[in-house]
Number of protein chains: 2
Amino acid sequence: MQSQEQIIHAKWLITCEEDNKILENHALVLKNGKIHAVLPSKNASIQYPSATTSHYSQHAIVPGFINSHTHIGMNFFRGLADDLTLMDWLNNHIWPAEKQWVQQDFVHDASLFAMAEMLRSGTTCFNDMYFFLDATAQAALTAGIRAHIGITVIDFPTAWASTTQEYLEKGLAFHEAYKKYDNITATFAPHAIYTVSEKTLSTIKELADQHQLKINMHIQESRDEIEQSLAQTKKRPIRRLHDIGFLSPQVIAIHMTQIDDEDLTILQHTQPHIVHCPESNMKLASGACPVMQLQAAGLNIALGTDSVASNNNLDMIGEMRSAALLAKLQSGNPKAVDAEQALKMATLQGAKALGIEQMFGSLTVGKAADFIAIDLAQIETQPLYHPISQIVYAASRHQITDVWVAGKQLLKNRQLTTLDETELLNKAHFWREKIKN
Amino acid sequence: MQSQEQIIHAKWLITCEEDNKILENHALVLKNGKIHAVLPSKNASIQYPSATTSHYSQHAIVPGFINSHTHIGMNFFRGLADDLTLMDWLNNHIWPAEKQWVQQDFVHDASLFAMAEMLRSGTTCFNDMYFFLDATAQAALTAGIRAHIGITVIDFPTAWASTTQEYLEKGLAFHEAYKKYDNITATFAPHAIYTVSEKTLSTIKELADQHQLKINMHIQESRDEIEQSLAQTKKRPIRRLHDIGFLSPQVIAIHMTQIDDEDLTILQHTQPHIVHCPESNMKLASGACPVMQLQAAGLNIALGTDSVASNNNLDMIGEMRSAALLAKLQSGNPKAVDAEQALKMATLQGAKALGIEQMFGSLTVGKAADFIAIDLAQIETQPLYHPISQIVYAASRHQITDVWVAGKQLLKNRQLTTLDETELLNKAHFWREKIKN
């Protein structure tokens with residue numbers, strides 16, 4: 001971390017604070033990995049005469065994106081199987097591939113590869129759920145990206161663990177081993193109501209309270225999930241989770257495409273955070289999270305890409321656009337999820353979901369210096385009337401030129417500084433040659 | 001046009017013919033602006049020893065995209081007003097801006113700017129509907145792109161024409177003046193049933209028959225359009241158009257988000273071509289064209305972006321992705337509009353809609369050499385199992401490196417060859433400074 005001040009001048013700073021501000025010709029002053037000051041460019045060099053200086057004169061600087069739901073260990077399965085029904089996709093493609101390939105080195109290489117894609121598209125923090133947690137954590141330490149890593153629990157054996165007990169033990173050992181790292185945060189991640197028993201969920205709830213960890217869970221992703229739950233227990237998943245005291249702001253409820261009135265009452269009462277994954281939900285024909293309805297009920301909504309096996313990219317600009325467009329179609333209201341709201345779902349609201357809004361998610365003095373620069377002077381984003389409109393509705397991720405985490409530049413004029421692209425592509429090719437056969 | 005043969009080697013040729021083929025390590029041989037041969041790379045240099053040679057060893061080559069619905073004269077209104085209801089957007093933003101700014105030089109500059117964006121994202125042919133047709137045509141001749149230019153007709157005055165008669169006269173004069181150019185094709189473009197009388201539509205139908213021109217029209221774009229028509233005439237627009245003998249394969253029916261059983265019967269009987277604009281329809285909360293249902297009824301469906309005022313981009317890769325994702329959500333079937341179908345909607349099916357499939361829309365010997373190269377060796381599209389999946393679900397338009405029209409390279413390693421980017425950006429800035437005030 002630099003102890004000297006560093007000034008980052010920008011055409012626009014878009015703060016993404018509650019009362020979002022668009023500051024023209026302003027600068028961020030960085031010190032010790034944090035945002036030390038936000039002020040007009042013309043004052044910055046006077047006030048900090050010995051600071052180093054960089055100019056982003058045609059760029060918008062926004063907080064780094066927080067991708068609130070990923071399975072990055074699957075990144076080498078991108079495009080392996082598309083356009084299939086969920087059960088065909090899982091049973092005949094994804095689960096067999098996972099059974100054959102998911103091991104420590106596979107997850108490490110896939111994670112590193114995903115991090116390259118994330119950094120190249122402005123994501124500085126992600127919230128993952130997969131296996132071989134330390135492989136992903138090691139990759140994150142190499143890349144310099146911030147990782148929330150879910151202790152996946154599932155009531156059947158995988159290459160990572162054989163019993164529920166083993167998932168929990170390995171997960172807690174992971175938490176103990178990595179809690180010293182600023183960039184790594186463990187969470188619990190019971191997979192779903194149809195793969196984890198209520199008894200296990202209660203145990204997880206206790207452990208999460210004890211260790212002060214967040215709990216991620218896929219909840220009410222599809223109509224099938226609801227129907228199966230009703231057939232087995234006469235209750236919808238949200239009702240069942242509420243009945244065992246599972247739901248609270250500690251919970252990050254992922255997908256939530258199916259919401260009825262009783263669900264809404266329970267959600268309003270218990271206030272879990274919601275992660276909306278519009279592209280994955282569309283691609284798997286799962287449904288559409290009723291964002292407007294949930295927002296009106298006071299719930300916080302973050303944004304995630306899900307895995308590249310069901311998206312097929314980790315592009316948060318694309319995901320913001322899809323979230324904005326889908327909300328309008330779904331609600332019949334073109335004012336639903338405007339460009340600024342979409343940007344907040346990808347930044348501050350992601351930080352809130354992960355419980356880290358005190359230090360992340362906006363350009364605020366005292367918060368971590370995690371931010372990105374987007375070049376808006378290209379043909380595709382001109383002429384420009386409103387920078388946020390251009391970012392959400394017109395820009396492509398390739399226009400993200402620079403990315404910083406804790407004040408350290410991880411993408412510099414489109415070049416990764418901590419990762420070797422050629423090496424990563426060679427690894428991807430190596431695994432692809434194995435997997436395709 | 002070159003008379004010498006030219007060999008374009010590619011990692012993959014994706015033909016987009018009816019029985020689409022993915023040819024690995026194959027080459028296109030070009031001659032006189034056409035595809036002269038398609039053959040394995042290893043044979044190409046032997047059979048054509050004096051040909052010039054280019055290698056695209058990590059690229060997929062596909063037919064140039066056909067953007068089947070645009071209003072490119074609006075390109076300087078990108079992001080001027082978003083997230084508004086249709087009537088607020090039209091009455092308080094778009095129509096006042098058009099009234100104030102739309103003139104010959106404005107449309108010329110905006111068209112040229114749009115063509116730069118289109119060429120940079122792989123579009124080699126577009127089907128437009130706007131005013132000052134010769135301004136757009138002149139821009140197309142400069143850019144080298146293929147333009148289908150709609151003779152807009154609307155029963156009220158604009159800066160382009162004062163009376164219905166004047167729209168038609170100017171339009172036919174345009175057709176006469178430009179029919180000598182290979183790259184320019186006139187069409188009729190009555191705006192919509194709520195802005196053009198049935199009498200005018202009948203006149204247009206007669207003129208279109210006489211001059212053998214296609215007819216573009218916005219049809220059943222939104223629920224409001226249906227309700228207004230029912231209130232005024234007790235008939236839905238499609239019924240009204242059918243009753244005056246308007247519908248046939250000559251007609252390009254744009255949007256079509258609202259379809260009931262009677263509509264479907266009429267459409268099946270009359271077989272107009274359909275242009276699906278998923279992003280514009282979502283952004284304006286108009287609805288979703290029932291693509292699967294229309295396809296099942298034997299209708300041909302093309303893809304369009306609509307204008308950047310309601311999209312806000314001319315990105316056909318993004319539009320294919322949105323079409324594929326939306327169809328799955330809408331139908332509840334994850335197999336709906338697979339990646340290959342989406343790619344065909346953007347190529348061969350576009351050519352069919354425009355009535356030019358004999359010469360365009362696929363990599364077929366004898367057709368025009370209009371094609372693009374997409375670099376799939378980047379982090380975002382690796383590892384690669386199926387090139388079409390990567391193009392539709394993972395690639396960004398910036399991965400389109402090279403674009404040819406009639407065998408002439410209009411984009412070369414991301415650089416435009418016929419247009420000056422700096423000059424275009426200066427023009428955009430010039431107009432923006434006027435418009436914003």
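This report walks through a predicted model with two chains, A and B, from the way the copies pair down to a few single residues.

A word on bookkeeping: residues count from 1 along each chain as its sequence is written, while chains are lettered from A and ligands numbered from 1 in the order in which they are written. The model is predicted, and local features need pLDDT of at least 70, side-chain atom pairs count only at pLDDT 80 or more, and totals for chains, interfaces and linings use all residues.

**How the two chains pair**

Two copies of a chain are related by a rotation about an axis and a shift along it. Here chain A lands on chain B after a rotation of 180° with 0.0 Å of shift along the axis, at an RMSD of 0.0 Å (a least-squares fit on the C-alpha atoms of residues with pLDDT of at least 70 in both). The two copies are thus related as by a two-fold rotation axis.

As for the interface, 53 residues from chain A and 53 residues from chain B take part, where contact means C-beta atoms, placed from the backbone, within 7 Å. On the side of chain A that touches chain B, α3 (104-120), α10 (278-283), α12 (316-331), α15 (387-394) and α16 (421-435) each put in at least two residues. These labels are DSSP runs numbered from the N terminus: helices are H or I with at least four residues, strands are E with at least two. The largest share there is from α16(A), with seven residues. By class, that side of chain A splits into 25 nonpolar, 13 polar and 15 charged residues; Ala, Val, Leu, Ile, Met, Phe, Trp, Tyr, Cys and Pro count as nonpolar, Asp, Glu, Lys and Arg as charged, and the others, Gly among them, as polar. Since 100% of the interface residues of chain A are also interface residues in chain B, the copies meet through the same surface.

**Inside chain A: two domains**

Chain A is assigned domain 1 (6-63 + 367-406) and domain 2 (65-354), with bounds from an automatic or database domain assignment. Their centres, taken over C-alpha atoms, are 29 Å apart. The contact between them uses 17 residues from domain 1 and 20 residues from domain 2 of chain A. On the domain 1 side, β4 (52-63), α15 and β14 (400-405) of chain A give two or more residues each, and α15(A) gives the most, five residues. That same side has 12 nonpolar, three polar and two charged residues.

**Two helices of chain A**

Helix α6 (198-211) of chain A has 14 residues and spans 20 Å from first C-alpha to last, close to the expected 20 Å (1.5 Å times one less than the number of residues). Leu201(A), Ile204(A), Lys205(A) and Ala208(A) are buried in α6(A). They cover an arc of only 105° around the axis, so they sit on the same side of α6(A); the arc is that of the directions from the helix axis to the C-beta atoms. On the other side, Lys199(A), Glu206(A) and Gln210(A) are exposed. Here buried means 20 or more other C-beta atoms within 10 Å of a residue's own, exposed means 12 or fewer, and partly exposed is in between, with C-beta atoms placed from the backbone. The cover over the buried residues of α6(A) includes β7 (146-153), β8 (184-190) and β9 (215-219) of chain A. Right after the helix comes Gln212(A), with a positive phi near 55°.

In α4 (133-143) of chain A, the buried residues include Leu133(A), Thr136(A) and Ala140(A). The buried residues of α4(A) pack against α3, β6 (123-130), β7, α5 (164-178) and β8 of chain A. Gly144(A), just after α4(A), has a positive phi of about 90°.

**Single residues worth clicking on**

| Residue | C-beta neighbours within 10 Å | Class |
|---|---|---|
| Ile226(A) | 21 | buried |
| Ala309(B) | 25 | buried |
| Asn25(A) | 13 | partly exposed |
| Val337(B) | 27 | buried |

Ala309(B) lies in the loop between β12 (301-303) and α12 (316-331) of chain B. The C-alpha atoms of Ala309(B) and Arg78(B) are 4.8 Å apart, although 231 residues separate them along the chain.

Two non-glycine residues have a positive phi: Asn25(A) at about 50° and Val337(B) at about 40°. Asn25(A) is in strand β2 (22-31) of chain A, whereas Val337(B) is in the loop between α12 and α13 (339-345) of chain B.

Finally, a cis peptide bond joins Asn311(A) and Asn312(A), with omega about 10°. In chain B, the bond from Asn311(B) to Asn312(B) is cis too, with omega near 10°.

Notes:
Two residues are in contact if their C-beta atoms, placed from the backbone, lie within 7 Å.
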